[in-house]
Amino acid sequence: MSISGFLSPSSGRSIAGLVSALLLSACAQVQPTVAADYIGALRCVKCHAAQYDGWQKTRHASAMASLERESQSESTSCLPCHVTGYDAPMGYLDMNATPELAGVQCESCHGPASAHLKNPEQVRTMVPRPGVDSCRKCHTPEQDSAFDYENMSKKVH
Ligand code: HEC
Ligand code: HEC
Ligand code: HEC
Ligand code: HEC
């Protein structure tokens, strides 16, 4: 596994970030089967166009715009549920460093995808069917008491 795959070219983060990424599986929002980096939904479109197009029409795709409307786009009390990989070492940082991870994207549910991108066919590294626990990190009882997985999981893409 090469080191370069863990470094995000746009943000150029440090070796400390790399080491954290290698330890990621213990603390990531969605547990990946291998350590991986968040790369953003645009990188999925060429192979998963149907899911991408469907997702773009959902409110997840515009979750950052919701914060901007409320002038809360930098609020640490809002960002965890309105961006991708907020608590993960290589996840969302801010709109300058990681604009490609704004909003609730594929990797919020399926886990970080850099390893998948390198080897999509042979090695299964994504969460194939994110379960109710993955939703409940954000659709908490306080935030969304009426959340219904059976119904809502059909509306993600
Ligand atoms: C180069 C093409 C390619 C790209 C780019 C790609 N994928 Fe995939 N993906 C595949 C293929 C091929 C499979 C099917 C693998 C299989 O069934 O064995 C797959 C399967 C999946 C699955 C189902 C996993 C499973 O084990 O059944 C998910 C979820 C997924 N991809 C998410 C993503 C996300 C999210 C991105 C973008 C961050 C992405 N993919 C980018 C080719 C790609
Ligand atoms: C990282 C946080 C996060 C995760 C994980 C998440 N959601 Fe969401 N979800 C949101 C936010 C935030 C919104 C509202 C976005 C907006 O309008 O700005 C939302 C909105 C939705 C909506 C639209 C609600 C409506 O009434 O129109 C559906 C459907 C939904 N989520 C389903 C799911 C399902 C199913 C899962 C798990 C498989 C899930 N979400 C996981 C944060 C999340
Ligand atoms: C615990 C996760 C979580 C946090 C923290 C959070 N949100 Fe959300 N937000 C959601 C979810 C889930 C939805 C979609 C379900 C719903 O409409 O309640 C949502 C929906 C929204 C919406 C669109 C629906 C509406 O009510 O108009 C806005 C705007 C919004 N959030 C703003 C904020 C702001 C501003 C903050 C910070 C003060 C914040 N959120 C913090 C999870 C969260
Ligand atoms: C809110 C959570 C959520 C988001 C965001 C999301 N997915 Fe999914 N995805 C799911 C769930 C849940 C399933 C399982 C659906 C089922 O079993 O019918 C799934 C299934 C899949 C599959 C397996 C084939 C299929 O369609 O059932 C692929 C591939 C996939 N998603 C790719 C993506 C890509 C690419 C994106 C972003 C463009 C994305 N997903 C965004 C929750 C999500």
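**View 1. Ser71 sits in the loop between α3 and α4 (79-82).** Helices here are DSSP runs of H or I with at least four residues, strands are E runs of at least two, and both are numbered from the N terminus. Ser71 has a positive phi of about 55 degrees, although it is not a glycine. For background, most residues other than glycine have a negative phi. Is Ser71 buried or exposed? Ser71 counts as exposed because it has 8 C-beta neighbours inside 10 Å. The cut-offs, with C-beta atoms placed from the backbone, are 20 or more other C-beta atoms within 10 Å for buried, 12 or fewer for exposed, and partly exposed in between.

**View 2. The whole protein is a predicted model with 8 helices and 0 strands.** As a predicted model, it has local features given only at pLDDT of at least 70 and side-chain atom pairs only at pLDDT 80 or more, while totals for chains, interfaces and linings use all residues. Residues are numbered from 1 along each chain as its sequence is written, chains are lettered from A, and ligands are numbered from 1 in the order in which they are written. Read along the sequence, the pattern is α-α-α-α-α-α-α-α. Buried residues make up 32% of the 157 residues. Take contacts between residues at least 6 apart in sequence (a contact means C-beta atoms, placed from the backbone, within 7 Å): 56% of them join residues at least 24 apart.

**View 3. Residues 1-29 have a pLDDT below 50.** The pLDDT is the predictor's confidence in each residue, from 0 to 100. The protein averages 84, and 78% of the residues score at least 70. Beyond near neighbours in sequence, the stretch 1-29 has 36 contacts in the model. Where pLDDT is low, the predicted coordinates should not be read in detail.

**View 4. The largest nonpolar core has 18 residues.** Such a core is a set of buried Ala, Val, Leu, Ile, Met, Phe, Trp, Tyr and Cys residues joined through C-beta atoms within 7 Å. Tyr38, Met64, Val83, Leu101 and Ala102 have the most contacts inside the core. Helix α3 (residues 63-69) gives the largest share, 3 residues. A second, separate core of 5 residues includes Cys44, Trp55, Cys106 and Cys109. Leaving aside residues up to four places away in sequence, Tyr38 touches Thr84, Gly85, Ala88, Met90, Gly91, Leu101, Glu107 and Pro112.

**View 5. Ligand 1 is surrounded by 17 residues.** A residue is near a molecule if its C-beta atom, placed from the backbone, lies within 6 Å of it. The closest here are Cys44, Cys47, Cys106, Ala113 and Pro120. Two elements, α5 (106-110) and α6 (114-118), give two or more residues to this shell, and the largest share, 3 residues, comes from α5. By class there are 9 nonpolar, 3 polar and 5 charged residues. Ala, Val, Leu, Ile, Met, Phe, Trp, Tyr, Cys and Pro count as nonpolar, Asp, Glu, Lys and Arg as charged, and the others, Gly among them, as polar.

**View 6. Around ligand 4 there are 18 residues.** Cys44, His48, Gln51, Cys106 and Cys109 come nearest. Both α2 (49-56) and α5 give two or more residues, with α5 giving the most, 4 residues. This shell divides into 9 nonpolar, 8 polar and 1 charged.

**View 7. Ligand 3 has 15 residues around it.** Ser66, Glu70, Gln72, Cys78 and Cys81 are the closest. Here α4 gives the most, with 3 residues. The classes are 5 nonpolar, 8 polar and 2 charged.

Definitions and conventions:
Contact = placed C-beta atoms within 7 Å.
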